[in-house]
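Colleague: I am new to this structure and would like a guided look at it. Could we go through it together?

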Amino acid sequence: MDIVDKLWQEGHIRSVDRHLARLLTDRFGGHDSLALLYALVSANTGDGHTCLDLAGVGDLPFYREYAGELNRLVEEDPASPAIGGPGDYLPLIRDGKRLYLHRYYQYETMIVHHLAARMKRHDGCPAPEQLRRAMTDYGYFPTNGGNDIDWQQVAAAMAALNNFAVISGGPGTGKTTTVAKVLGVLIRMGLVAPGRVAIAAPTGKAAVRLQEAIGKAKSKLGCDAIPDRTSTIHRLLGVIPGRPAFRHNRDNLLPVDLVIVDEVSMIDVALMARLLDAVPLRAKLVLLGDKDQLASVNPGSVFGDLCGAGDIDDFSPAAAALLTQATGFAVAAGKNVTPIQDHIVGLRRSYRYAAESRIGRLAGRINAGRAEEALQVFAQRGAGDAAFFPPAAMEEELGTLIRDHYGLYLREMEVEKIFAAFDRFRIFSAVRRGPYGIAGINSFVEKMLGRQGIIDPVGNASYHGRPIIVTRNDYSIRLFNGDTGIVLHDREEDRLLAFFPSPDGGFRKFPPSRLPEHETAFALTVHKAQGSEYDHVVVVLPPGNVPVVTRELIYTAITRARKSVTVFAEHGSFSEGVARQAKRMSGLRERLMRISREPDGCPAPF
């Protein structure tokens, strides 16, 4: 345990990792190398990985310092009574060169098992020619007379013809519009009952935004039967207060014919496994997201693994033929296509950003890893929709933005208008601590607004106008990590209450003392920003080489903006971040590809 203790003292691993290593060593025995192995598997889950890739120990941040021990660990091919193989019930599971904590191996296996089984089902699916006529007759996809493929129509057809579909696309590419059209077609064809549709997102904020988007699409399509009521995934599955389980599971399936889930990149491996466990195989499941966004805070990168299991928009000859029949477009077949690729469509065209929008061009260049070109976009003269400043300019330039935006929201009198005004602007940081972290920025904003008399934060843990974000789930009052609200003086009760938007369009109110753990939310981490959009966004990147600043993080932050984005960063740290891609250790992608090649399309039972 000497090396484990040293890693813990140096801050490379957590206390829980050290305790697990000691527990397993005491229970199953073993030398220092095994103790190190136990600690590293646990520590990796804390960094968002579902496993430890024994072939990739050289990627660990402290590899150079402990290269000898880590290399010996791999070369010795360690065996332990605590380590089993697939199907064993032991604390650790080894699958090839990957080592898992048992529960994360089980989560991955559950996901693969359910998806492999679901890909074989086509319950309640229309014939391709019938679907094509319906989409044309209802005016959802009128004949365009051109040869360019309408990928929204292809995505809609793929979702209608299968029990499982993945639609990936950046902001404004029409994912919500596409699923609204799928809903309209299937309902009007009598294949899906409106009352047996569930629409969900990972957070309350994302659920509210999804409901608004589907409501707008529904109005444009002129189909009142399209359901637009949304919920969080936790609410959909049915939280049991005081327990980690949900009411809906394999023994109590959701009473649905169609489930649509948005912002899937935010869903970790554990929640995805539980969601799939509760959706009947005969029901359709449509997953929406942006494969280029940050992965979930908790372990796993499910959406990225799904979209990475082969080239997007490469279809087998059989699937390409069906999609051609259903859309009229010449959908080409690819080579060596795995079955899961037949269920994934990528949307390319953005309807949010105009051709001259610098935000759209920034997103494209950042995604491609072209940092210098992105900096050139910032430097171009013209529309004021993108600006770049060095960190030294923060106090003056950020101060101006705070006065221009946060200085206005409390002038409104109605709760709805206060939220609408506040949600036009937000500040994001890559880190939590330090002058460039959310703690320092929130303090800066409070001092500025306090000096202007807009808020009164001095000596008040809760004050009128304080924006807050929940940081720990409270199942008893159904507030979850990531839910955002504002503390306001309630005129009816003549006291301060915390208001939280509800997907039904109203607000839920709680005394601040009743809230679970929470913090001020003028500034948020980029992870907490997922599922949200704002007119104006500020992105703060700390100077220096900061590993958490990655291409995915910068892309996610930039694309939260609808109208303008301002970045505070050093050119060097920005460029290093764009070049650095986040990599989650996971076996899900490989297992999806491997299992889908098996003759029956199904994995072995878990």
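Modeller: The following exchange covers the domains, one interface and some salt bridges. This is a predicted model, in which local features need pLDDT of at least 70 and side-chain atom pairs count only at pLDDT 80 or more, while totals for chains, interfaces and linings use all residues. Residues are numbered from 1 along each chain as its sequence is written, and side-chain values use heavy atoms, with hydrogens and water left out.

Colleague: Into which domains is the chain divided?

Modeller: The chain is divided into domain 1 (1–108), domain 2 (152–352) and domain 3 (358–579). These bounds come from an automatic or database domain assignment.

Colleague: What separates the centres of domain 2 and domain 3?

Modeller: Taken over C-alpha atoms, the centres of domain 2 and domain 3 are separated by 28 Å. Their contact (heavy atoms within 4.5 Å) takes 29 residues from domain 2 and 30 residues from domain 3.

Colleague: What area do domain 2 and domain 3 bury between them?

Modeller: Domain 2 and domain 3 bury about 2400 Å², with 54% of it on carbon and sulfur atoms. Buried area is the accessible area (1.4 Å probe) that two parts lose on being put together, summed over both. In domain 2, the residues that lose the most area to domain 3 are Lys 205, Leu 294 and Arg 352, together 29% of what that side buries.

Colleague: How many residue pairs are in polar contact across that interface?

Modeller: The rule finds twelve such pairs across the interface of domain 2 and domain 3, both residues being at pLDDT 80 or more. A polar contact is a pair of N or O atoms within 3.5 Å; within protein, one must be able to donate a hydrogen and the other to accept it, and residues adjacent in sequence count only if both atoms are side-chain atoms.

Colleague: Which element gives the most to the side of domain 2 that touches domain 3?

Modeller: Helix α9 gives the most to that side, with seven residues. Helices (H or I, at least four residues) and strands (E, at least two) are DSSP runs, numbered from the N terminus.

Colleague: Changing topic, how many salt bridges does the rule find across the interface of domain 2 and domain 3?

Modeller: Across that interface the rule finds three. A salt bridge is a side-chain nitrogen of Lys or Arg within 4 Å of a carboxyl oxygen of Asp or Glu. The side chains of Glu 533 and Arg 209 form a salt bridge, at 2.8 Å from N to O.

Colleague: Are Glu 533 and Arg 209 buried or exposed?

Modeller: Glu 533 counts as buried at 17% relative accessibility, whereas Arg 209 is partly exposed at 21%. Buried means under 20% relative accessible area, exposed over 50%, and partly exposed in between (1.4 Å probe, protein chains only).

Colleague: And what about Lys 218?

Modeller: Lys 218 forms a salt bridge with Asp 228, and their closest N and O atoms are 3.7 Å apart. Lys 218 lies in helix α9 and Asp 228 in the loop between α9 and β7, so this pair ties together parts that are ten residues apart in sequence. Lys 218 counts as buried at 16% relative accessibility, while Asp 228 is partly exposed at 26%.

Colleague: Which residues do salt bridges that share partners join into one network?

Modeller: That network is made up of Arg 209, Glu 263, Arg 352, Glu 533, Asp 535, Arg 562 and Lys 563.
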